[in-house]
Amino acid sequence: MTNFEELSDWLRGWAGVDASRRDIADTVLALADVGREISALVAAGPLAGDQSGIVGENSDGDLQKLLDLASHRDVLAALANAPVAHVGSEEAPEPVTLNSGAPLAVAVDPLDGSSNIGVNLPMGTIFSILPALAAGAEASFRQTGRNQLAAGFLVYGPMTELALTVGSGTHVFVLDRRDETFRLVNGAASIPHATDEFSINASNYRHWNEALRAYIDDCLAGDEGVRTKNFNMRWYGSLVAEASRILTRGGVFLYPADQRHGYGDGRLRLVYEANPIAFLVEQAGGAASCGSGAILDQVPDDLHQRVPLIFGAWEEVERIERYLNDPHSMGDHAPLFGRRGLFRA
Ligand code: F6P
Ligand code: MN
């Protein structure tokens, strides 16, 4: 395994003598270090105490479990020693200022997929590194995803994995348990343009609009329908785990808007979930959309704002955008032929 380059060496090589890159490298290393600690806690399960105890509710109404808050505290402690001015976390209503005057701002979902706490399924930590703006913490987190300097996620699954982009491709590292270092296993993750595997929580079918139902209906019809090929479906209930799979073998993921109360913009958060995933996915040759435009072009007006998220194989993402916005573009096989006018929720 010694042939696999260590994360710290890789980052040092990338940063060279560039001071701004060194700041980013130090911040990524701090996040990788804390990820290793969270990974150990996740792996200990009940041996580390009752991690699933409910201890509160976050600003979005999600129940906070003990492990959510432990991860949040560990991330803040780790970033206090990095060149980070502000942290915007899913688990805190307002941004936290750590080192005023420092060059970077970090948006983070400390424990994504935490409904999987206690059931031995993957969870992770998602992060987005932005320039800290002189205008302050809130303004720093209102930048579009195009301003991200780096982004990544850790997955605590059978492998503890770090997917990272600094804007020149997407790189995947795996934690080597023998010496507790992250090692590069894929220097250029690449998402195939086409796919026959989709990810969606299908229990929400009745809450979707007509266009989205038509898209999924056409996938389910397989080789007997307009797609003329069979599809497979996967849903882990863990965004990082789905993203990891899609970076590895392709696919498309959807968490759309639906008609449930509070789901008019889907479920996932733009600043610390969709933006970092979109940056990684674009850098791997895929696409990430809110249904009517690229995720990375959306302007956040709040740290915690939600956004519909569709990402993965770019041909499939484009097709879904066509279903949602322009049923006629489907030609003779227009899935909404005869249903025009019903396609908005
Ligand atoms: O962070 C939100 C999250 O846990 C994601 O990791 C996951 O994709 C999604 O929620 C699952 O949502 P649902 O339980 O509605 O399927
Ligand atoms: Mn999350």
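Leaving aside neighbours within four places in sequence, A150 is in contact with I24, S128, I129, T165, V166 and F279. Contact here means heavy atoms within 4.5 Å. A150 lies in strand 7 (residues 150-156). Its relative accessible area is 0%, so A150 is buried. Buried stands for under 20% relative accessible area, exposed for over 50%, and partly exposed for what lies in between, with a 1.4 Å probe and protein chains only. A150 and L79 are 71 residues apart in sequence and 15 Å apart in space, C-alpha to C-alpha.

This is a predicted model, in which local features need pLDDT of at least 70, side-chain atom pairs count only at pLDDT 80 or more, and totals for chains, interfaces and linings use all residues. Residues are numbered from 1 along each chain as its sequence is written, chains are lettered from A and ligands numbered from 1 in the order in which they are written, and side-chain values use heavy atoms, with hydrogens and water left out.

## The chain as a whole

The chain has eight helices and 15 strands. Both are DSSP runs numbered from the N terminus: helices are H or I with at least four residues, strands are E with at least two. The radius of gyration is 20 Å, close to the 20 Å that the globule rule gives for 345 residues, so the chain is as compact as a globular protein of that length. That radius is taken over C-alpha atoms, and the globule rule is 2.2 Å times the number of residues to the power 0.38. Along the principal axes, the C-alpha atoms fill a box of roughly 60 × 45 × 45 Å.

Of the 345 residues, 56% count as buried. Among contacts with a separation of 6 or more, 61% come from residues 24 or more positions apart. The accessible surface comes to about 14,500 Å², and carbon and sulfur atoms hold 50% of that surface. Areas come from the Shrake-Rupley method with a 1.4 Å probe; for residues, only the protein chains shown count as cover.

## The manganese site

The manganese ion (ligand 2) has D109 (OD), D112 (OD) and E273 (OE) as its protein donors, 2.0 to 2.2 Å from the ion. Donors are N, O and S atoms within 2.8 Å of the metal (3.2 Å for Na, K and Ca); water is not among the atoms, so sites may look incomplete. In sequence the donor residues are spaced D-x2-D-x160-E. D109 counts as buried, at 0% relative accessibility. D112 is buried too, at 5%. E273 is among the buried residues of helix 7.

## Three helices

Helix 7 (residues 270-283) has twelve of its 14 residues buried, so it is largely enclosed by the rest of the structure. F279, a contact of A150, is also one of these buried residues. After helix 7 comes G285, with a positive phi near 85 degrees.

Helix 1 (residues 7-15) buries L7, S8, W10, L11, W14 and A15. Down the helix axis these residues fall within an arc of 160 degrees, so they line one face of helix 1. The arc is that of the directions from the helix axis to the C-beta atoms. Exposed R12 and G13 sit on the face turned away from the buried side. Cover for the buried residues includes helix 2 (19-44), strand 8 (160-165), strand 9 and strand 10. Just after helix 1, G16 takes a positive phi of about 55 degrees.

Helix 8 (residues 314-325) has twelve residues and reaches 16 Å from first C-alpha to last, close to the 16 Å expected at 1.5 Å a residue. The expected span is 1.5 Å times one less than the number of residues. E316, V317, I320, Y323 and L324 are buried in helix 8. They fall within an arc of 120 degrees down the axis, so they line one face of the helix. Their packing partners are helix 5 (210-221), strand 13 (252-255), strand 14 (287-289) and strand 15 (309-312).

## Positive phi outside glycine

Two loop residues are set out below.

| Residue | Phi | Loop | Relative accessibility |
|---|---|---|---|
| N120 | about 60 degrees | strand 5 (104-112) to strand 6 (123-131) | 77%, exposed |
| E180 | near 60 degrees | strand 9 (171-176) to strand 10 (181-186) | 33%, partly exposed |
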